[in-house]
Amino acid sequence: MPVMNWWHIFVANSTGSITEFEKMPETPPQIGFVSLGCPKNLVDSEQILSRLRAEGYQLSASYAGADLVLVNTCGFIDAAVEESLEAIGEALEENGRVIVTGCLGKDEARIRDAHPQVLAVTGPHAYAEVMDAVHRQLPPPHDPFTSLVPPQGIKLTPGHYAYLKISEGCNHSCRFCIIPDLRGPLVSRPFGEVMLEAQRLVESGVRELLVVSQDTSAYGVDIKYRPDFWQGRPVATKLASLAAALGELQAWIRLHYVYPYPHVDDLIPLMAEEHILPYLDMPLQHGNVRVLQAMKRPAATEKVLGRIERWRRECPDLTLRSTFIVGFPGETEAEFEELLAFLREAKLDRVGCFAYSPVKGAQANDLPDPVPDEVKEARRARFMQVQAEISRERLQAKIGNRMVVLVDEVRDKQVVARSAADAPEIDGRVFIPGAWNLQPGDFIEVRVTAATAHDLRAEPVDVDESECE
C-alpha cells in the first residue's frame with residue numbers, strides 16, 4: 001500500500017525556486033500546480049511539468065499569479081479523496097480556473113458533483129489529455145523546444161534524490177485496493193528507456209534513485225520479460241537485470257513496493273555485494289493466513305518468515321520495510337494477536353500501519369463483519385507500540401557502528417542525513433549535531449552515538465582516524 005503524502009508544490013519545490021528556469025522574452029502563460037498522493041503520482045506530476053516547460057509555460061509562485069491551476073489528485077482511500085476534493089475547492093476559490101487530473105479523475109462525476117466549475121477532468125498518467133486541456137484554455141506560447149528543460153526533466157524532489165518509475169498499473173486484485181481500476185493493468189517501461197532516464201538523473205547530480213511502481217517485482221511480466229537493448233546489447237526486462245544495471249551508476253539504488261515473489265531472492269546477492277542498497281520495501285499487509293486470503297493476498301506467512309531469516313544470513317545489513325492493515329473486515333482479536341506475533345518474530349526494521357478504510361469500489365466493502373472504528377484505531381495503536389519497541393531495539397544495536405550517510409539538509413547547528421536504511425519521507429533520519437561545511441547530496445562517514453525508536457544521532461568520523469583504521 002502506498003504511503004500517502006501531500007506534495008503541495010505551488011510555491012517553490014525543495015529543489016529551489018521557480019526562478020531557476022529560463023525566462024522567456026515575452027510574458028508566458030503562468031501555470032499553478034498542486035500534486036497530491038504517492039511517489040508514483042509525483043512522477044506523473046514531473047512528467048506533466050516537464051511537458052509544460054518544454055512548451056514555454058512558466059510555473060506560478062501563487063494562486064493569484066496563475067492563469068490556470070492544475071491539481072493532480074489521489075483517490076486511493078476515502079481520506080485521500082476528501083483531501084483531493086478540498087484541494088480542488090481551494091484552487092477554485094483562490095484562482096477559479098482549474099483542471100483536474102490523477103487517480104480521482106477516474107471518477108469525474110464525483111468531482112463535478114462537488115465542483116462543477118472545473119474546466120476539465122482527466123485520469124491518471126494521461127499526459128496528452130492534460131496538455132490538450134491546457135491548450136484549450138491557454139494556448140502554448142510557441143512550439144516545443146527540449147532546450148527549455150534540463151535533460152532529466154522537471155523534478156519536484158530535492159536535487160540529490162529522485163523517484164524512478166519503472167512501470168504503471170497492477171495485475172493484482174486485492175480486495176482492499178482499487179489501483180487496477182484507477183491505473184489499469186501492469187505496463188512495464190522499456191528497459192533501455194528506464195536506464196536512459198536513470199543515467200540522465202545521475203549525470204544531473206542525483207545521488208539516490210528510488211525505484212517505484214505499483215508492483216516493482218512484477219517488472220517485465222506483462223511482456224514476458226522480452227529483451228530490450230541497453231548499451232548495445234540485449235537485456236531481459238526483469239527486475240534483477242534492471243537492478244544490476246542501475247547498480248553500475250554512481251548512486252544509491254533503493255527498491256520500493258517489492259512483493260515477495262520467489263525471484264526476489266535474486267536481489268539479495270546484489271545487496272550483499274553493495275551493488276544496490278540492502279533495503280527492501282515489501283507490502284506484506286498482515287500476518288494471519290485467513291485474513292490474507294480474505295484480502296486476496298499471498299498467504300504463506302511461514303515461508304515469508306523463513307525467507308527473511310535466510311535473506312538476513314546472506315545480507316546481514318539488510319533493512320526490511322513493510323506496511324500492514326489492521327481492522328480488515330472480519331479480523332478477530334485472535335487474528336490480530338497473530339499479526340503481532342508475526343511482527344515480533346519478523347523484527348522488521350521499518351513499518352507503517354493503516355487502520356482499514358473502506359474505499360468506494362473496493363471488493364472488501366461487501367465482506368461481512370466490519371470492525372468498529374474504535375477497535376481499528378485501538379489495534380493500530382497497539383501495533384505501532386509493538387513496532388516502536390522493535391525499531392528501538394534494532395536502532396540501539398547500531399550505536400557505535402560506522403556508516404555512510406547521505407546529507408539531506410544543512411542547518412545552522414545540525415546536519416540532517418539518511419543512512420542506507422532510511423528512505424526519504426517515510427523512514428528515520430540521522431541527526432549530526434554541530435555546524436559542518438556540507439551540502440545536500442554529500443556522502444559522509446559517521447559513527448552512531450545514540451538512537452531513539454525512529455532516528456539516529458551520529459558524529460562525523462575524523463579523516464585521520466578513518467585512514468588509520
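A residue counts as buried when its relative accessible area is under 20%. By that standard, 56% of the 469 residues in this protein are buried. The model is predicted. It contains 13 helices and 21 strands. The accessible surface of the protein comes to about 19,800 Å². Carbon and sulfur atoms account for 51% of that surface. Contacts between residues at least 6 apart in sequence were also examined. Of these contacts, 75% join residues at least 24 apart.

Three pairs of packed helices were examined. The first pair is helix H1, residues 39–54, and helix H4, residues 127–137. Their axes lie 10 Å apart and meet at an angle of about 45 degrees. H1 is therefore oblique to H4, since this angle falls neither under 35 degrees nor within the range from 65 to 115. H1 passes H4 in a right-handed crossing. On the H1 side, the contact is made by Asp44, Gln47, Ile48, Arg51 and Leu52. On the H4 side, Tyr127, Ala128, Val130, Met131 and Val134 take part. Seven residues of this contact are nonpolar, one is polar and two are charged.

The second pair is helix H6, residues 191–203, and helix H7, residues 239–246. Here the axes are 11 Å apart, and the packing angle is about 25 degrees. H6 is therefore roughly parallel to H7, because angles under 35 degrees count as roughly parallel. The crossing of H6 and H7 is right-handed. From H6, the contact draws on Phe191, Val194, Met195 and Ala198. These residues meet Ser241, Leu242, Ala245 and Leu246 in H7. The contact of H6 with H7 comprises seven nonpolar residues, one polar residue and no charged residue.

The third pair is H11 and helix H12, the latter spanning residues 373–396. The two axes come within 10 Å and cross at roughly 15 degrees. That angle makes H11 roughly parallel to H12. The crossing of H11 and H12 is right-handed. Glu333, Phe336, Glu337, Leu339, Leu340, Leu343 and Arg344 form the H11 side of the contact. The H12 side consists of Arg379, Arg382, Phe383, Val386, Gln387 and Ile390. In the contact of H11 with H12, seven residues are nonpolar, one is polar and five are charged.

Helix H11, residues 333–346, also holds Ala341. The relative accessible area of Ala341 is 41%, so Ala341 is partly exposed. Ala341 and Asn288 are 53 residues apart in sequence. In space, their C-alpha atoms are 9.6 Å apart.

Leu164 sits in strand E7, residues 161–165. Its relative accessibility is 0%, so Leu164 counts as buried. Leaving out residues up to four places away in sequence, Leu164 touches Arg189, Val194, Glu197, Ala198, Leu201, Leu210, Val211, Val212 and Leu246. Among these, Val194 and Ala198 also belong to the H6 side of the contact with H7. Leu246 is another of the residues touched by Leu164, and Leu246 lies on the H7 side of that contact. Leu164 and Arg254 are 90 residues apart along the chain. Their C-alpha atoms are separated by 9.8 Å.

Attention then turned to the loops. His256 is placed in the loop between strand E13, residues 252–255, and helix H8, residues 268–272. At 4% relative accessibility, His256 falls under the 20% limit and so counts as buried. Apart from its neighbours within four places in sequence, His256 is in contact with Leu210, Val211, Val212, Thr216, Tyr279, Asp281, Ala423 and Ile426. Leu210, Val211 and Val212 are thus touched by His256 and also by Leu164.

Tyr257 is found in the loop between E13 and H8. Its relative accessibility is 8%, so Tyr257 counts as buried. Phi of Tyr257 is near 55 degrees, a positive value in a residue other than glycine. Tyr225 also has a positive phi, near 60 degrees, and is likewise a residue other than glycine. Tyr225 is placed in the loop between strand E10, residues 208–212, and strand E11, residues 228–230. With a relative accessibility of 30%, Tyr225 counts as partly exposed.

Note on methods. Residues are numbered from 1 along each chain as its sequence is written. This is a predicted model: local features need pLDDT of at least 70, side-chain atom pairs count only at pLDDT 80 or more; totals for chains, interfaces and linings use all residues. Side-chain values use heavy atoms; hydrogens and water are left out. Helices (H or I, at least four residues) and strands (E, at least two) are DSSP runs, numbered from the N terminus. Buried means under 20% relative accessible area, exposed over 50%, partly exposed in between (1.4 Å probe, protein chains only). Contact means heavy atoms within 4.5 Å. Accessible areas come from the Shrake-Rupley method with a 1.4 Å probe; for residues, only the protein chains shown count as cover. Axes are lines fitted to C-alpha atoms, for helices over the stretch in contact, and angles run from 0 to 180 degrees between N-to-C directions. Angles under 35 degrees count as roughly parallel, over 145 as roughly antiparallel, 65 to 115 as roughly perpendicular and the rest as oblique. A crossing is left-handed if the near helix is turned anticlockwise from the far one by less than a right angle, and right-handed if clockwise. Ala, Val, Leu, Ile, Met, Phe, Trp, Tyr, Cys and Pro count as nonpolar, Asp, Glu, Lys and Arg as charged, and the others, Gly among them, as polar.
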